[in-house]
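Welcome, and thanks for taking a look at this one with us. Please have the sequence and the 3D view open as you read.

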Amino acid sequence: MLAMLLAMRRILITGGAGKVATLLRTGLARPDLVLRLLDIREPAVLPGVDGSREEIMIGSVTDPDVLAEAMRDVDAVVHLGGQSRESDVRDVIESNMYGTYLLFEAARAAGVSRVVLASSNHAAGFHPRGEEPAPADLPGRPDTLYGWSKVAMEACGQLYADRFGMDVICLRIGLWFPTPPGLRGLALWLSPDDGVRLIEACLSVPSPGFRIVWGISRNTRRWFSLAEGEAIGYFPQDDAEVFAEALIAKHGEPDFAADPVLTRLGGQWCDVPLGVSY
Ligand SMILES: NC(=O)c1ccc[n+]([C@@H]2O[C@H](COP(=O)([O-])OP(=O)(O)OC[C@H]3O[C@@H](n4cnc5c(N)ncnc54)[C@H](O)[C@@H]3O)[C@@H](O)[C@H]2O)c1
């Protein structure tokens, strides 16, 4: 897998200054791999990351000229940039839906045939949590305008896969953080190391076509299936359970029967006011 990844010399990461990209930059800092980081703001300088293996571009995914330049000599795209929380409807449409359309169009025009798309558990947030881990191709059932934009982004990826034969992997990310935030994190956590494993798998698997995959670790209490990830060579190794004792001591025993945060896939996002940043 690593050999195939290294053969891909330059990866465009949109949202290159964001939290997830910052976790990825450390994990993907390796010889013969150049990361082109596109963001509307400057990424932080990271200790231990060789700056000569990174190219910084300041600009927006809503600007076709920026995207045309960003795609030059790129082998694959990891699309993280845009609005990552609930927000005003115009912002959500512009940053996420329009930005993603422009990104696919720029990739197609430049002959970049692989896009890894940051979708979210919130694309399916209103599905009730079942007894069995949910499959990754659950129909869209968004919990917010943000979640709606993720459903639309996935659909745009499907369009470009069907029309133009592009390889598009949509990651319905759980909670990609250094450690699991809160009790929901026991089910949804994606560890930094597993996140790198997931992106490596997405960049390496031969001819995946269009896929939807949950972005979670091998959590004992997971709500989501790992099968679709394993099918592309993603074998997570971390488990949020190692944080369970401390989290339960802090937040109390999880009540999976009655706590609405724990009975719907999107948790508390099912109740936030629509279109309001928080
Ligand atoms: N972190 C998680 O647990 C999680 C969970 C589900 C989905 N996601 C998705 O993963 C992606 C990354 O999430 P994150 O936590 O790093 O969010 P983040 O907000 O830290 O990063 C997003 C980055 O996108 C940049 N950005 C915003 N608008 C832009 C534009 N028009 N053009 C270029 N860049 C723009 C921001 O400046 C920011 O640096 C997002 O798409 C988010 O929706 C993250």
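Here is a short tour of the sheet, two helix pairs and the ligand surroundings. Please keep in mind that this is a predicted model. Its open sheet is built from 7 strands with parallel pairing, and 26 residues surround the ligand.

**The sheet**

- Reading across the open sheet, the strand order is β3-β2-β1-β4-β5-β6-β9.
- The edges are taken by β3 (54–58) and β9 (210–215); each has a single partner strand, so one side of each is left without a neighbour in the sheet.
- On average, and with direction ignored, neighbouring strands of this sheet are turned by 20° against each other.
- Strand β1 (residues 10–14) runs parallel to β2, and 5 bridges join the two.
- If you would like a landmark for finding the β2 side, look at Thr14, which stands opposite Leu38 in β2.

**Helices α4 and α5**

- Helix α4 (residues 89–110) packs with helix α5 (residues 145–164) at an angle of about 15°, and their axes are 9 Å apart.
- Angles under 35 degrees count as roughly parallel, so α4 is roughly parallel to α5.
- The crossing of these two helices, α4 and α5, is right-handed.
- On the α4 side, the contact includes Val89, Val92, Ile93, Tyr101, Phe104 and Arg108, and these belong to a set that meets α5 residues including Leu145, Tyr146, Met153, Tyr160 and Phe164.
- Sorted by class, the contact of α4 with α5 holds 13 nonpolar, 3 polar and 1 charged residues.

**Helices α2 and α7**

- α2 packs with helix α7 (residues 192–204) at an angle of about 80°, again with axes 9 Å apart.
- The two helices, α2 and α7, are therefore roughly perpendicular to each other.
- From α2, Leu23, Leu24 and Gly27 make the contact, and from α7 the partners are Pro192, Asp193, Gly195, Val196 and Ile199.
- By class, the contact of α2 with α7 has 5 nonpolar, 2 polar and 1 charged residues.

**Around the ligand**

- Which residues come nearest to the ligand? They are Gly15, Gly18, Val20, Gly81 and Ser84, out of the 26 around it.
- Two or more residues of the shell come from each of α2 (19–27), β2 (34–39), α4, β5 (114–120) and β7 (175–176).
- α2 gives the most to this shell, with 3 residues.
- The residues of the shell divide into 12 nonpolar, 11 polar and 3 charged.

Definitions and conventions. Residues are numbered from 1 along each chain as its sequence is written. This is a predicted model: local features need pLDDT of at least 70, side-chain atom pairs count only at pLDDT 80 or more; totals for chains, interfaces and linings use all residues. Axes are lines fitted to C-alpha atoms, for helices over the stretch in contact, and angles run from 0 to 180 degrees between N-to-C directions. Helices (H or I, at least four residues) and strands (E, at least two) are DSSP runs, numbered from the N terminus. Angles under 35 degrees count as roughly parallel, over 145 as roughly antiparallel, 65 to 115 as roughly perpendicular and the rest as oblique. A crossing is left-handed if the near helix is turned anticlockwise from the far one by less than a right angle, and right-handed if clockwise. Two residues are in contact if their C-beta atoms, placed from the backbone, lie within 7 Å. Ala, Val, Leu, Ile, Met, Phe, Trp, Tyr, Cys and Pro count as nonpolar, Asp, Glu, Lys and Arg as charged, and the others, Gly among them, as polar. A residue is near a molecule or strand if its C-beta atom, placed from the backbone, lies within 6 Å of it. Two strands pair if DSSP finds at least two bridges between them.
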